[in-house]
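Student: I am new to this structure and would like a close look at a single part of it. Could you take one strand and the residues around it, and then follow the chain outward from there?

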Amino acid sequence: MASLKLCAPSSQWIAGERPLCQRRCVLKAPSRRVALGPIRAGSYTDELVQTAKSIASPGRGILAIDESNATCGKRLASIGLENTETNRQAYRQLLLTTPSLGEYISGAILFEETLYQSTTDGKKFVDCLRKEKIMPGIKVDKGLVPLPGSNNESWCQGLDGLASRCAEYYKQGARFAKWRTVVSIPCGPSALAVKEAAWGLARYASIAQDNGLVPIVEPEILLDGDHPIERTLEVAEKVWAEVFYYLAENNVVFEGILLKPSMVTPGAEHKARASPETIAKYTLRMLNRRVPPAVPGIMFLSGGQSEMEATLNLNAMNQDPNPWHVSFSYARALQNSVLKTWQGRPENVEAAQTALLVRAKANSLAQLGRYTAEGENEEAKAGMFQKGYTY
């Protein structure tokens, strides 16, 4: 019998010189193929890798304060403040000028308004962060809109003009970016929504790297629903498989990205609660099955968990060594106590900054696997999940 060999042009097996398509059996290559060749990110490759490593440094994580003006207004309204640029600036100044914040925080995700703002005495917020050795980041997506043809699902817009915006953000001092899209388990999720989320994230990541920004890849699997943790794991594995397929298709440098996944938990309305150890077990199982070790950092979102829950769960994931830096990129789980302490009063700024350091230090310890919940107050235990929450 003639030996089998691979015919490169057609990717079909042939026997001698006769194509198998002329015989009874045809063996074809899979229809989904990743192109072979060098993976590069242009002139920024080395800088991207260094930036990602700096953010994924031991005992540190990300402070996410990239809420849109409308969402920031909701936060301010919770303490009786009007949604004005002056009030938004005052609150973000409180956060970004906290002394010694860089001991626990390696990066801060900013909204566009904040990236170009300064303190009341004229110091750029970007320079305040650099002084603390905190990398400035920027939210680059344009928010969620309905996805036609789906099961009442959403897609994330913002690819139009993204390259020029990233270039301008880099000039302003940003060194990493964030793009958030969502997947809803109660809505299916549909194959269309998963594919759209993965493709959009991959295109964004490629464009961001081409303009010097480390992309945070964030397909948030929403907490909404009454499903068990096993269903969350199933969906998370599907989503991340699609994401990494399209990242590879778009020649994204894995060493120059960061991930911002949801933890694998039961739906917020599920009758049974899961312990931190169970959440860690399922979340790490998903990561080990889907995330290449080349990725330097996994920066979890809190997604409506209480401050203490988010910290306990992160701590449970760091009880044994991981292939990646497993850390945090929290918004509400770092800010809730701060807002309630501040109350918009100048005399409370120092106490509010202390509250931020307390939460940042707790999560720093969790990143190192050394956190205990001793001394936590009732406020830190209060859940923050809101059904159908929008940013």
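**A close look at Ile 62 and its surroundings**

Tutor: In this predicted model, a good place to begin is Ile 62, which sits in strand β4, the stretch covering residues 61–65. The relative accessibility of Ile 62 is 0%, and because buried means under 20%, this residue counts as buried. Once its neighbours within four places in sequence are set aside, Ile 62 is in contact with a list of residues that includes Ile 55, Ile 105, Gly 107, Ile 109 and Phe 176, and also Ile 216, Met 299, Phe 328, Ser 329, Tyr 330 and Leu 334. A further residue to look for is Ala 360, which is 298 residues from Ile 62 in sequence, while the C-alpha atoms of the two are 9.3 Å apart in space.

The strand that holds Ile 62 can then be placed in its wider setting, for β4 is one of eight strands that close into a barrel, in the order β4-β5-β6-β9-β10-β11-β12-β13, with parallel pairing. In general, the strands of a sheet pair through backbone hydrogen bonds, and they do so in either a parallel or an antiparallel sense. One pairing in this barrel joins β6, residues 135–139, to β9, residues 176–183, in the parallel sense and over three bridges. Within that pairing, Ile 138 has Ala 177 in β9 as its bridge partner.

From β9 the view can move to the loops. Pro 189 lies in the loop between β9 and α7, the latter being residues 191–210, and the peptide bond that joins Gly 188 to Pro 189 is cis, with omega at about -20°. In the loop between β12 (297–300) and α10 (307–317) one finds Ser 306, which counts as buried because its relative accessibility is 1%. The side chain of Ser 306 reaches the backbone nitrogen of Glu 309 at 2.9 Å.

Two other loop residues deserve a careful look for their backbone angles. Ser 100, in the loop between α3 (85–96) and β5 (105–110), has a positive phi of about 70° although it is not a glycine, and at 41% relative accessibility it counts as partly exposed. Gln 343, in the loop between α11 (332–342) and α12 (349–367), is likewise a residue other than glycine with a positive phi, here near 55°, and its relative accessibility of 31% makes it count as partly exposed.

Note on methods. Residues are numbered from 1 along each chain as its sequence is written. This is a predicted model: local features need pLDDT of at least 70, side-chain atom pairs count only at pLDDT 80 or more; totals for chains, interfaces and linings use all residues. Side-chain values use heavy atoms; hydrogens and water are left out. Two strands pair if DSSP finds at least two bridges between them. Helices (H or I, at least four residues) and strands (E, at least two) are DSSP runs, numbered from the N terminus. Buried means under 20% relative accessible area, exposed over 50%, partly exposed in between (1.4 Å probe, protein chains only). Contact means heavy atoms within 4.5 Å. A polar contact is a pair of N or O atoms within 3.5 Å; within protein, one must be able to donate a hydrogen and the other to accept it, and residues adjacent in sequence count only if both atoms are side-chain atoms.
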